[in-house]
Amino acid sequence: MLLTRQLTTNNPESKKRLRATVIKYSVILCVAAAYLVFVLFTDLGIPCVFYEITGFKCPGCGVSRMLASLARFDIVSAFWHNPFLFITGPFIVAYLACCEIRYVRFGDRRMGKWEALMWAELALAIAFGILRNVLPI
């Protein structure tokens with residue numbers, strides 16, 4: 001429904017929001033691509049501050065290695081670097097895309113009942129962060 005409707009409009013405000021969104025995500029993608037190239041060629045990543053301070057893995061630990069493995073098409077290794085985000089990452093991307101499309105079209109990002117799923121995602125991420133330090137995940 002939201003994704004099947006025409007995205008473009010003659011509304012000047014929608015065009016401004018579309019331009020700002022395209023610029024924002026272009027910058028994010030360029031920075032992410034540069035970081036990925038850096039990780040691939042140096043095998044270095046941004047250290048996890050939570051891990052450095054506490055010695056425990058956070059729910060996001062392993063994301064750089066996961067993305068580097070995906071860039072090398074090593075799916076099994078990518079899964080084991082961070083199984084939770086490997087599985088739920090596409091859902092998060094789809095949710096953000098729907099929010100941005102709604103913002104461009106209507107000027108608001110509220111997704112109603114879908115926001116409950118993101119809160120559930122957060123709760124699962126916290127549970128995963130705890131479990132990965134208790135169990136050998």
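Leaving aside its neighbours within four places in sequence, with which residues is K24 in contact? The residues concerned are E100 and R109, where contact denotes heavy atoms within 4.5 Å. The structure is a predicted model, in which local features need pLDDT of at least 70, side-chain atom pairs count only at pLDDT 80 or more, and totals for chains, interfaces and linings use all residues. Residues are numbered from 1 along each chain as its sequence is written, and side-chain values use heavy atoms, with hydrogens and water left out.

K24 lies in helix 1; helices (H or I, at least four residues) are DSSP runs numbered from the N terminus. With a relative accessibility of 33%, K24 counts as partly exposed, a class that lies between buried (under 20% relative accessible area) and exposed (over 50%), for a 1.4 Å probe and protein chains only. Its contact E100 belongs to helix 5 and counts as buried, at 10% relative accessibility. When neighbours within four places in sequence are set aside, E100 is in contact with T21, K24, Y25 and R109. T21 is likewise part of helix 1 and is buried, its relative accessible area being 9%. Residues up to four places away in sequence not being counted, T21 touches E100, Y103 and V104.

These contacts belong to the packing of two helices. The axes of helix 1 (residues 12-42) and helix 5 (residues 83-106) come within 7 Å and cross at roughly 150°. Axes are lines fitted to C-alpha atoms, for helices over the stretch in contact, and angles run from 0 to 180 degrees between N-to-C directions. The crossing makes helix 1 roughly antiparallel to helix 5, a term applied to angles over 145 degrees. On the side of helix 1 the participants are S14, R17, L18, T21, K24 and Y25, which meet E100, Y103, V104, R105 and F106 of helix 5. The contact of helix 1 with helix 5 comprises five nonpolar, two polar and four charged residues. In this classification Ala, Val, Leu, Ile, Met, Phe, Trp, Tyr, Cys and Pro count as nonpolar, Asp, Glu, Lys and Arg as charged, and the others, Gly among them, as polar. The charged end of R17 sits over the ring of Y103, 5.9 Å from its centre; the criterion is that NZ of Lys or CZ of Arg is within 6 Å of the ring centre and within 35 degrees of the ring normal.

Helix 1 also packs against helix 3 (residues 63-71), the two axes coming within 10 Å and crossing at roughly 85°. The two helices are therefore roughly perpendicular to each other, as angles of 65 to 115 degrees are termed. Helix 1 contributes Y35, L36, V39 and L40 to the contact, and helix 3 contributes S64, L67, A68 and A71. By class, seven of the residues in this contact are nonpolar, one is polar and none is charged.

A search of the whole structure finds three aromatic pairs, rings of Phe, Tyr and Trp (its six-membered ring) being paired if their centres lie within 6.5 Å. The rings of F79 and W80 have centres 4.9 Å apart and planes at 85°, so this pair is edge-to-face, the term for planes over 60 degrees apart. F79 and F86 also form an edge-to-face pair, with 5.7 Å centre to centre and 90° between the planes. F79, W80 and F86 form one aromatic cluster. Within this cluster, W80 is exposed, with a relative accessible area of 56%, whereas F79 is partly exposed at 23% and F86 is partly exposed at 25%.

Terms used
Parallel < 35°, antiparallel > 145°, perpendicular 65-115°, else oblique. Phe/Tyr/Trp six-rings, centres within 6.5 Å; stacked < 30°, edge-to-face > 60°.
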